[in-house]
Amino acid sequence: MQCAEFVPAMLGGELEEIDAVTRQRIDAMMTVVEDEVPYVTENFRGRMLDRGAFDRQLVEAARTAGADCRFASHVRMARSDGTVVLADGTELRGRVLIGADGPRSPVGRALGRVNAEIVETRQISVPLLRPHRATDIFLSARIPGGYGWMFPRGDIANVGLGVAPRYRNRLKPLLERLHENLAGEGRVGRGSLASTGGAIPVGGMLDPAGRLGDVPVLLAGDAAGLANPVTGAGISPAVVSGTLAGEAASAWLDGDGAAIDDYADELESVFGASIRRALSRRRAVMQCHEDGHAPGRQALRAGWIAWPEYWTDAGDPTDAKTSLESVQ
């Protein structure tokens with residue numbers, strides 16, 4: 001499980017049984033820039049999931065619908081003719097191939113669609129010592145390319161952060177510092193119950209449709225670069241795009257020759273504008289680091305969804321910089 005387990009409230013409309021895998025409801029978002037007083041975004045509603053139970057639920061729904069679900073069957077590669085080769089040498093070939101295989105998708109690689117920009121993450125689960133109904137976000141120039149978080153789920157909290165790959169050596173000490181600060185405030189326990197980590201694609205949406213030989217190929221979720229480049233949120237776009245990919249594959253098999261191209265158009269209409277905005281905001285903040293400076297407080301605000309500057313053309317984070325040495 002490589003996930004912070006938060007989904008927006010709107011996902012409840014996509015899945016009938018989501019209540020059964022909800023750990024707790026979220027009502028607001030609290031954003032801390034450097035060491036400032038938290039900025040509270042009211043009515044930021046969502047759910048904290050039990051991601052393991054959530055995935056099992058999806059598997060059972062697929063089986064009920066007639067899917068042949070195979071596990072411990074790692075995909076080694078997809079060939080140029082559309083054949084999928086498993087780690088044990090087994091070869092599979094379908095009439096349509098859907099690559100829903102994550103940020104380093106072998107199916108996407110076969111198509112030449114590669115997530116070139118990623119964020120490396122690390123997360124621990126810790127005891128939550130007092131109830132909390134908000135997702136906490138920590139923005140700092142010390143966390144280049146990402147942010148820190150504390151997401152409550154009942155009596156446990158997920159505490160983590162992500163950074164651009166060139167700064168991955170900061171992950172462990174930054175996470176230890178964030179955990180210690182939260183524990184010192186009496187919000188979480190000092191012990192760790194579990195740890196995880198992984199890659200999040202943050203370079204924007206890839207072309208999600210193509211062919212390998214005569215086999216139509218659709219990419220969905222992280223494989224299509226649908227995670228938000230600023231927040232890293234990927235569960236909701238994975239569910240939505242996976243549904244659309246399945247419908248497109250079914251339509252194509254039923255004789256709709258335009259279904260594959262229509263899938264790409266649909267993803268663009270649903271996700272294109274928001275992903276492009278997020279990518280622009282992310283790259284503007286990262287440019288500060290590339291220029292040898294660190295983004296200042298105003299830059300960090302303009303690059304995060306809680307502030308109006310993020311949603312306007314005036315939200316250019318490059319106008320506020322501080323010396324990199326002053327924040328290390």
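**View 1. What packs over the buried side of helix α4.** In this predicted model, the cover over the buried residues of α4 includes β1 (6-8), α1 (51-64), β9 (97-99), β16 (215-219) and α5 (259-290). Underneath that cover, the buried set runs through Ile-235, Ser-236, Pro-237, Val-239, Val-240, Ser-241, Leu-244, Ala-245, Ala-248 and Ala-249. The helix itself spans residues 235-253, 19 residues in total. From first C-alpha to last, α4 reaches 27 Å, close to the 27 Å expected at 1.5 Å a residue. Look just past the helix for Gly-255, which follows α4 and has a positive phi, near 105°.

**View 2. The largest nonpolar core, with Leu-97 as a way in.** This core has 25 residues, and Leu-97, Leu-218 and Tyr-263 are the ones with the most contacts inside it. At least two residues each come from β7 (84-86), α2 (106-111), β15 (209-212), β16, α4 and α5. The top contributor is α5, which puts in 6 residues. Now zoom in on Leu-97: setting aside neighbours within four places in sequence, Leu-97 is in contact with Gly-82, Val-84, Val-107, Leu-212, Val-215, Pro-216, Val-217 and Leu-218.

**View 3. A second core, set apart from the one above.** Here's a separate nonpolar core, this one with 21 residues. Among its members are Val-163, Tyr-167, Leu-175 and Leu-178.

**View 4. Arg-187, a buried arginine in a loop.** You'll find Arg-187 in the loop between α3 (171-184) and β14 (194-201). Arg-187 counts as buried because its relative accessibility is 12%, and the cut-off for buried is under 20%. Its side chain makes a polar contact of 2.5 Å with the side chain of Asp-136. Not counting residues up to four places away in sequence, Arg-187 touches Pro-127, Leu-128, Leu-129, Arg-130, His-132, Asp-136, Met-150 and Leu-182. So Asp-136 turns up twice in this view, as one of the residues touched and as the polar partner.

**View 5. Rings that find each other.** Six aromatic residues are worth picking out here: ring pairs tie Phe-6, Phe-44, Tyr-147, Trp-149, Phe-151 and Trp-304 together into a cluster. Across the model, the count of aromatic pairs comes to 7.

**View 6. A charge parked over a ring.** The ring belongs to Tyr-310, and the charged end of Arg-281 sits over it. The distance from that charged end to the ring centre is 5.8 Å.

Methods. Residues are numbered from 1 along each chain as its sequence is written. This is a predicted model: local features need pLDDT of at least 70, side-chain atom pairs count only at pLDDT 80 or more; totals for chains, interfaces and linings use all residues. Side-chain values use heavy atoms; hydrogens and water are left out. Helices (H or I, at least four residues) and strands (E, at least two) are DSSP runs, numbered from the N terminus. The expected span of a helix is 1.5 Å times one less than its number of residues. Buried means under 20% relative accessible area, exposed over 50%, partly exposed in between (1.4 Å probe, protein chains only). Contact means heavy atoms within 4.5 Å. A polar contact is a pair of N or O atoms within 3.5 Å; within protein, one must be able to donate a hydrogen and the other to accept it, and residues adjacent in sequence count only if both atoms are side-chain atoms. A nonpolar core is a set of buried Ala, Val, Leu, Ile, Met, Phe, Trp, Tyr and Cys residues joined through side-chain atoms within 4.5 Å. Rings of Phe, Tyr and Trp (its six-membered ring) pair if their centres lie within 6.5 Å; planes under 30 degrees apart count as stacked, over 60 as edge-to-face and the rest as tilted. A charge sits over a ring if NZ of Lys or CZ of Arg is within 6 Å of the ring centre and within 35 degrees of the ring normal.
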